[in-house]
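Work through the following exercises with the sequence and the model open beside you. Each task is followed by a solution that goes step by step.

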Amino acid sequence: MQQEIDNIAVQIQEKPIAEAIRQLTELFPGQVAFSTSFGHEDQVISDIIFKNRLPVRVFTLDTGRMFEETYQTFYETQGKYKQNIEVYFPDKASVEKLVTEKGPYSFYESVENRKQCCFIRKIEPLKRALQGVKIWITGLRGGQSENRQHMHNLEWDEGNQLIKYNPLITWTLEEVEQYIDKNRVPYNKLYNKGFKSIGCAPCTRAIEPGEDLRAGRWWWEVSHKECGLHEPSSSEIPTGASSSIVK
């Protein structure tokens with residue numbers, strides 16, 4: 001598999017992102033998808049895909065706990081580009097069972113509960129969205145967290161059994177912000193209020209000056225600022241999550 005990744009890397013190296021993505025869609029027609037959460041980085045990639053009419057499936061995971069500002073960004077993005085963004089919701093029965101048995105805020109009680117909630121609301125829908133996909137495009141940046149500093153432009157995602165393409169992995173936050181400003185890309189207005197990494201509303205807060213960019217995510221936890229979407233362990237089912245929800 002590494003040889004295949006190396007071969008692909010040779011074909012897209014030194015190419016602008018739009019050309020690199022187009023090359024990937026030619027290598028894997030109908031099998032390239034991009035996941036957006038409407039954060040700054042994702043908005044940059046959406047702009048590139050939509051402006052260049054690249055044949056890439058664009059989808060988002062609606063956990064049911066998103067900020068109103070995130071939905072507004074979704075709305076403005078559709079309005080600007082006139083392109084569809086597929087929406088994947090959590091399994092209804094799994095959410096009902098979780099909230100019935102543990103209440104609406106179980107994720108505050110333990111890391112295990114939080115991971116269970118993330119699995120139901122994010123990871124399982126993602127696996128449905130990635131069915132049949134060979135190349136998964138993401139908005140990951142190395143500067144977002146220590147874990148992501150070790151990621152590469154192209155890499156194998158063991159949990160999802162596909163190749164992940166991270167076109168912005170070496171970009172700085174300043175470069176992302178400059179692109180958004182220069183190209184008048186719609187963005188989540190929570191960024192103007194101190195939010196630098198935006199997820200579900202109950203699990204995200206604004207950060208203070210000098211804090212890590214992801215300090216506002218799951219702020220009540222000491223460490224492990226990931227939900228599992230971009231970790232090798234993302235294919236594992238947390239204790240308490242029924243295996244029947246895996247499609």
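A residue counts as buried when its relative accessible area is under 20%, as exposed when this is over 50%, and as partly exposed in between. Keep in mind throughout that the model is predicted.

**Exercise 1.** Find which residues carry the UniProt feature "binding site", and work out how they are arranged in space.

Solution. Begin with the record: an unreviewed UniProt entry places the feature "binding site" at Cys117, Cys118, Cys200 and Cys203. Next, set sequence beside space: these residues are spread over 87 residues of sequence, yet they cluster in the model, where the largest C-alpha distance is 11.0 Å. Finally, look at the cavities: the lining of the second largest cavity includes Cys117, Cys118, Cys200 and Cys203.

**Exercise 2.** Decide whether cysteine 200 is buried or exposed, and list its contacts.

Solution. First locate cysteine 200, which is found in the segment after helix H7 (173-183). Its relative accessible area is 11%, and because this value is under 20%, cysteine 200 is buried. Then, not counting residues up to four places away in sequence, cysteine 200 touches Thr63, Arg65, Met66, Phe67 and Lys122.

**Exercise 3.** Repeat the reasoning for cysteine 203.

Solution. Cysteine 203 also has its place in the segment after H7. With a relative accessible area of 9%, which is under 20%, cysteine 203 is therefore buried. When its neighbours within four places in sequence are left aside, its contacts are Phe107, Gly216, Arg217, Trp218, Trp219 and Trp220.

**Exercise 4.** Describe the second largest cavity by its volume and its lining.

Solution. A search of the whole structure gives 3 cavities of 30 Å³ or more, and the second largest has a volume of about 100 Å³. Its lining consists of 14 residues, with Cys117, Cys118, Cys200, Cys203 and Trp218 lying nearest the centre. Sorted by type, this lining holds 7 nonpolar, 2 polar and 5 charged residues.

**Exercise 5.** Identify the residues with the most contacts inside the largest nonpolar core, and follow one of them outwards.

Solution. In soluble globular proteins, nonpolar side chains tend to be buried together. Here the largest nonpolar core has 33 residues, and those with the most contacts inside it are Ile21, Ile49, Val56, Ile135, Ile137 and Tyr165. Among the elements giving two or more residues to this core are helix H2 (17-27), helix H3 (40-51) and strand S4 (135-137). Now take isoleucine 49: leaving aside its neighbours within four places in sequence, isoleucine 49 is in contact with Ile21, Phe34, Leu54, Val56 and Val58. Apart from this core lies another, of 10 residues, including Phe59, Leu126, Ala129 and Trp136.

Notes: Residues numbered from 1 in each chain as written. Predicted model: local features only at pLDDT ≥ 70, side-chain atom pairs only at ≥ 80, totals over all residues. Heavy atoms only, no water. UniProt positions renumbered as here; feature names shortened; annotations may be inferred. 1 Å grid on protein atoms, 1.4 Å probe; cavity = no way out; pocket = protein on both sides within 12 Å on 5 of 7 lines; lining within 4 Å. Helix = DSSP H or I, 4+ residues; strand = E, 2+ residues; numbered from the N terminus. Buried < 20%, exposed > 50% of the residue type's maximum accessible area, 1.4 Å probe, protein only. Contact = heavy atoms within 4.5 Å. Points joined across faces, edges and corners; volume = space filled by probe spheres on them. Nonpolar A, V, L, I, M, F, W, Y, C, P; charged D, E, K, R; others polar. Core = buried A, V, L, I, M, F, W, Y, C linked by side-chain atoms within 4.5 Å.
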